[in-house]
Amino acid sequence: MQQLFISPKLRLFFILPALTALAVSIPLIWILTSRLIEDAAAAQLLNTLPVVAALMENRLDAEPEELQAIVTGLTTTDRVRITVIDRQGLVLADNSRSWDQVLAMEDHSGRPEFSEAVARGSGSSIRQNATTGIEYIYAARTATGPSGTLYVVRLAQPLRGLQSLRKQLSLTLAIGFLTAIGVMSIWLWWVERKVSRSAPTVLEAADRLQQGDFSYRVDFAHQAGLGRLARFLNGVAENADRQIRSLETERELLLSVISSMREGVLVADAEGLTKMANPAFCQIFGLHSEWIDRTPLELTHQPQLDSLMRRSLSTGEEQIADLEISEPAPRTVALAVSSLGTEVGAVVVARDITDLVQLTRIRRDFVANVSHELKTPLTAIRGYAETLRDGAVDDEATAPKFLDSILQQCGRLQALLEDLLTLSRLESLEGTGEVTQVEVAKLLQACLDPIAHQVGEKNIRLTVINEARPTIRGDREALERLVINLLDNAVKYNRPGGSVTAKLAENTEGAVFEVADSGIGIPAASLSRVFERFYRVDKGRSRGEGGTGLGLAIVKHVAQLHGGHVEVKSRLGKGSVFRVFLPFGNHSKANP
């Protein structure tokens, strides 16, 4: 910043035209001026000739020696040379020579001024004198003597005075040249000094623009020499700053949108290196390390994803596939890889469809299970009915037994349909019945009567423990179904003479209802599935007991419907404990 703004090359750029003009004009001036001086001297001699010729015209016919005396007497100085020449070029008289020298002078008919004067009446020339070696300027004109003879009168003047004028002219031009160089140097110094005052701030602004700092502004009010440049830099900085802020706002908005998406998004460049990954993508694939400039294979350890990315980058076409992953948890992920251009990169959209796949499987299993559950009693009813139609109706021993079996299968169908309707109602978004204040202790007491017959048949010892009398908001009918199903299962899958304990308590958050039995228990491998629809630990025994396979699924849905949950602990052959947590808060209608 401390260096001068104008570089040596730029200074030369300013001075060179002026130097060129001076270098061309000064020699021309010298040449033209010298020529003008010579022409002026020649013109002066030509103007003097008529006077000299007039003075001598009446005496030109005199004897040569007398004519020499006349010519010598015309001037008292030797600065002007007067020569009289006859028509043939013979010198008759010359004031710069003695008479003997005149007699020895050569023929002058070949002199330029003589030839021109004979041909045109007057002439002039500049040349070096062959005798003296001095450069003269000559002017000649014709004159007629009294006898009509044609003579040439010539004046000559040495150029010593002209040489002095030339020297003075050269000195003047040299002084002018040096003066011009000095003036230009002073002007350039002044301009450079004026510009250099403004240069540091302007250069600093340019340097900051280059470094990406667009907030700096030049105070162009004080930059007289570079005001326009300062305004231009300020304008560039303002436009760049505005555009960068706009781009940053759009980028932040885009990042916010992508970060808030539930779908995972990964963006890679043309080399397949990751440039961005949103939180959802990191969560789906369990990414915790730095992901910038790493390949999808290095990040996710999923060759299928890496293959889809490479294929999309090479072909420019969208690639779609479902991916099964086991880490950080078993999931099914739908992948869509779209090319942004073979020279730009690609974007990966990953959507966790585990719940959707599971729901599809549940629905498929539900249809299969319902079909199977309906097929068995319907087949039995049809078989019994056909047997009765074929004559067994008249058999007093067989008919009543077949009719009882038909009624039993109809009861199974009715129980299955009721459970299905109950599940449908619980899962409905339209509502779950009337929500009221429910005293759980009274509800439990009312649910003991429907199972009293089964308790008596299997000689079960039923114990009810009320450690608290909580009241919650909920659907009384649904809560009754929850309690009855748990008690019914505890009795149904118990040993004759076993025990069932129903315990009611509360904590700071809500009511706790627990049912423990001394029954057959549940294998550890089946504990995570006992709340699935139609899942049976022992299918043969469950059907024999008249179960539909939907009781515990209903329990789970009722608990979730009320904002609670259900837990189970069991040991095979030792019995099971089911514990339901029901909060005091408002009844939830969320779909379980």
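Okay, let's start small, with one side chain: E116 has a relative accessibility of 25%, so it falls in the partly exposed class. Before I go on, keep in mind that this is a predicted model. The partner of E116 is R120, and the two side chains form a salt bridge with 3.0 Å from N to O. R120 is exposed, at 66% relative accessible area. Both residues belong to helix 4, which spans residues 112-120, and being four residues apart puts about one helical turn between them.

Now, the general idea, which you all know: side chains of opposite charge can pair when their charged atoms come close. How many salt bridges does the count come to? The count comes to 12.

Here's another one for you, in helix 14. K492 pairs with D488, and the closest N and O atoms are again listed at 3.0 Å apart. These two also sit four residues apart, about one turn of helix 14. Are they buried or exposed, K492 first? K492 is buried, with a relative accessible area of 11%. D488 counts as buried too, at 16% relative accessibility.

Then there's R579 with E514, where the closest N and O atoms are 2.6 Å apart. R579 is in strand 17 and E514 is in strand 15, so this pair ties together parts that are 65 residues apart in sequence. E514 is at 19% relative accessibility, so we call it buried. And there's a third player: E514, E567 and R579 are joined into one network by salt bridges that share partners.

Let's stay in that part of the chain and talk about the core. The largest nonpolar core has 38 residues, and among those with the most contacts inside it are L482, V483, F513 and V580. Which elements give two or more residues to it? Among them are helix 12 (440-446), helix 14 (476-492), strand 15 (510-517), helix 16 (551-561) and strand 17 (575-583). Helix 14 supplies the largest share, eight residues.

If you want one residue to click on, pick F513. Leaving out residues up to four places away in sequence, F513 touches L482, V483 and L486, and its contacts also include L444, F578 and V580. R579, the salt-bridging residue from a minute ago, is also on the list of residues that F513 touches. There is a second, separate core as well, with 27 residues, including F281, W291, L299 and L305.

Okay, now an odd one: D86. You'll find D86 in strand 1, residues 81-86. D86 is buried yet has no salt bridge, and the nearest side chain of opposite charge, R87, is 8.9 Å away. What does the D86 side chain have beside it, then? A polar atom of that side chain lies 2.9 Å from the backbone nitrogen of G89. The backbone nitrogen of L90 lies 2.6 Å from a polar atom of the D86 side chain. Further along the sequence, D86 touches L92, F114, L150 and Y151.

Last, the whole chain. We have 16 helices and 17 strands. Of the 592 residues, 38% count as buried. Among contacts with a separation of 6 or more, 58% are between residues 24 or more positions apart. The chain exposes about 33500 Å², with carbon and sulfur atoms supplying 55% of it. That's my tour, thanks!

Technical notes:
Residues numbered from 1 in each chain as written. Predicted model: local features only at pLDDT ≥ 70, side-chain atom pairs only at ≥ 80, totals over all residues. Heavy atoms only, no water. Buried < 20%, exposed > 50% of the residue type's maximum accessible area, 1.4 Å probe, protein only. Lys, Arg positive; Asp, Glu negative; His and termini not counted. Salt bridge = Lys/Arg side-chain N within 4 Å of Asp/Glu carboxyl O. Polar contact = N/O pair within 3.5 Å; in protein donor to acceptor, adjacent residues only side chain to side chain. Contact = heavy atoms within 4.5 Å. Core = buried A, V, L, I, M, F, W, Y, C linked by side-chain atoms within 4.5 Å. Areas by Shrake-Rupley, 256 points an atom, 1.4 Å probe, with all protein chains shown as cover.
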